[in-house]
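Me: Hi! I'm new to this one and would love a walk through it. Could we look at it together?

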Amino acid sequence: MNAPHIAAIGPQSEGAALPTPPTFDSIEAERQYRKEQLAAGFRLFGRFGFAEGVAGHITVRDPENPDHFWVNPFGMSFSHIKASDLVLVDHRGAVLRGDRPVNRAAFVIHSHIHAARPDVIAAAHSHSVHGKAFSSLGIPLDPITQDACAFFEDHGVYSDYRGVVNEAEEGRRIAAALGSYKAVILQNHGLLTVGHSVAEAVWWFITMERSCQAQLLAMAAGRPKLIDRETALITREQVGTHLAGWFQAQPLWDQITASEPDLFV
């Protein structure tokens with residue numbers, strides 16, 4: 001994996017280096033890590049106020065069986081989810097591990113995304129306030145800030161809202177709107193992000209939600225100045241890579257795992 005485009009300066013001890021995603025000696029260790037990351041991601045969604053009743057879901061692909069994914073139990077608070085609470089389902093909808101049902105919308109959306117995108121390890125969706133508000137405009141994010149440039153020409157807009165996602169065909173259409181991008185704005189619905197890790201997918205969701213908020217504020221105040229295309233593309237390569245997304249999530253991971261260690265249970 002390429003080094004992150006992160007500016008680090010100043011004296012460093014010999015051998016000092018920025019952290020990178022871990023590697024594993026066994027499938028079991030990697031599975032447990034992914035489940036713990038997923039539980040931490042839900043705790044962060046809860047802390048950021050992304051919960052809206054029972055709506056919202058994050059999934060992570062199982063490292064041994066790529067057509068299986070772990071997801072939150074339907075109706076459980078994001079702020080209470082532990083690694084042991086997670087449910088394993090396959091792409092046909094069968095619950096393989098866990099004793100609680102799965103949100104049908106979660107299955108319909110995520111099964112088609114994971115099937116269409118073998119590179120996607122994790123996907124995140126929730127009904128965050130600013131994501132919902134921005135989605136109602138039916139437009140993509142503009143490159144008006146450095147952070148928004150992470151999504152420049154790297155997110156889609158799904159404009160065919162048909163109510164709560166219950167049918168497989170709508171899951172396929174959402175996956176098609178996502179395409180090869182890191183995110184898609186679901187018109188009249190909210191945001192969905194993906195990544196090569198749970199940390200990356202969750203970070204893209206958090207920073208996309210904030211970028212939606214920033215654009216809504218800027219549009220309310222006047223006419224935002226756009227960053228030119230060349231600069232926006234350069235900036236995307238600095239802040240919008242897979243490793244940059246993982247790295248930028250690490251301070252949040254440190255905070256949530258230190259303050260809520262019960263998520264590991």
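**Pockets, cores and a few odd residues**

Reply: Happy to. By class, ten nonpolar, five polar and three charged residues make up the lining of the largest pocket. Keep in mind that this is a predicted model.

Me: Good to know. How much space lies in the largest pocket?

Reply: The largest pocket holds about 330 Å³ of space. It has 18 lining residues, and those closest to its centre are Pro21, Pro22, Glu30, His196 and Ser197.

Me: And which helices each supply at least two residues of that lining?

Reply: α1 (27-47), α5 (198-221) and α7 (242-259) each do. The largest share comes from α1, with four residues.

Me: What about closed spaces? How many cavities of 30 Å³ or more does a search of the whole structure find?

Reply: The search finds one. The volume of the largest cavity is about 40 Å³.

Me: Which residues line the largest cavity?

Reply: Its lining is made of Asp147, Ala150, Trp203, Trp204, Thr207, Val239 and Gln248. Sorted by class, four of the lining residues are nonpolar, two are polar and one is charged. Helix α5 gives the most to this lining, with three residues.

Me: Let's switch to the core. Which residues touch the most other members of the largest nonpolar core?

Reply: Leu38, Phe45, Val202 and Trp253 do, in a core of 45 residues. At least two residues each come from α1, β1 (57-61), β5 (122-126), β7, α5 and α7. The largest share, ten residues, is from α5.

Me: Why would residues like that end up together?

Reply: As a general tendency, nonpolar side chains are buried together in soluble globular proteins.

Me: Makes sense. What is tryptophan 253 in contact with, leaving aside neighbours within four places in sequence?

Reply: Tryptophan 253 is in contact with Gln37, Ala40, Gly41, Leu44, Val198, Ala199 and Val202. There is also a second, separate core of 23 residues, which includes Ile109, Val120, Ala177 and Leu178.

Me: New topic: how many disulfides does the structure hold?

Reply: It holds zero disulfides.

Me: Why is cysteine 149 without a bond to another cysteine?

Reply: Because its closest cysteine sulfur, in cysteine 212, is 14 Å away, which is too far for a bond. A pair of sulfur atoms would have to be within 2.5 Å to count as a disulfide. Likewise, cysteine 212 is in no disulfide, and its nearest cysteine sulfur is that of cysteine 149.

Me: Are those two cysteines buried or exposed?

Reply: Cysteine 149 is buried, with a relative accessible area of 0%. Cysteine 212 counts as buried too, at 0% relative accessibility.

Me: Now the backbone. Which residue other than glycine has a phi near 50 degrees?

Reply: That is glutamate 153, where phi is positive. This is worth a look because most residues other than glycine have a negative phi. Glutamate 153 lies in the loop between α3 (129-135) and β6 (155-158). With a relative accessible area of 39%, glutamate 153 is partly exposed.

Me: And what about asparagine 188, where is that one?

Reply: Asparagine 188 sits in the loop between β7 (183-186) and β8 (190-195). Its phi is positive as well, about 65 degrees, although it is not a glycine. Asparagine 188 is partly exposed, and its relative accessible area is 42%.

Me: Back to the helices for a second. Where is glutamate 36, and what does it touch?

Reply: Glutamate 36 is in helix α1. Not counting residues up to four places away in sequence, glutamate 36 touches Ala83, Leu263 and Phe264. From glutamate 36 to aspartate 67 there are 31 residues in sequence and 20 Å in space, C-alpha to C-alpha.

Me: Last one: which strand is valine 95 found in?

Reply: Valine 95 is in strand β4 (residues 95-97). With a relative accessible area of 41%, valine 95 is partly exposed. Leaving aside neighbours within four places in sequence, valine 95 is in contact with Val87, Leu88, Val89 and Val102. Serine 84 is eleven residues from valine 95 along the chain, and their C-alpha atoms are separated by 15 Å.

Me: Thanks, that helps a lot!

Methods
Residues are numbered from 1 along each chain as its sequence is written. This is a predicted model: local features need pLDDT of at least 70, side-chain atom pairs count only at pLDDT 80 or more; totals for chains, interfaces and linings use all residues. Side-chain values use heavy atoms; hydrogens and water are left out. Buried means under 20% relative accessible area, exposed over 50%, partly exposed in between (1.4 Å probe, protein chains only). On a 1 Å grid over the protein atoms alone, a cavity is a set of points where a 1.4 Å probe fits but cannot get out, and a pocket is an open set with protein on both sides within 12 Å along at least five of seven lines; lining residues have an atom within 4 Å of a point. Grid points are joined across faces, edges and corners, and a volume is the space filled by probe spheres set on the points. Ala, Val, Leu, Ile, Met, Phe, Trp, Tyr, Cys and Pro count as nonpolar, Asp, Glu, Lys and Arg as charged, and the others, Gly among them, as polar. A nonpolar core is a set of buried Ala, Val, Leu, Ile, Met, Phe, Trp, Tyr and Cys residues joined through side-chain atoms within 4.5 Å. Contact means heavy atoms within 4.5 Å.
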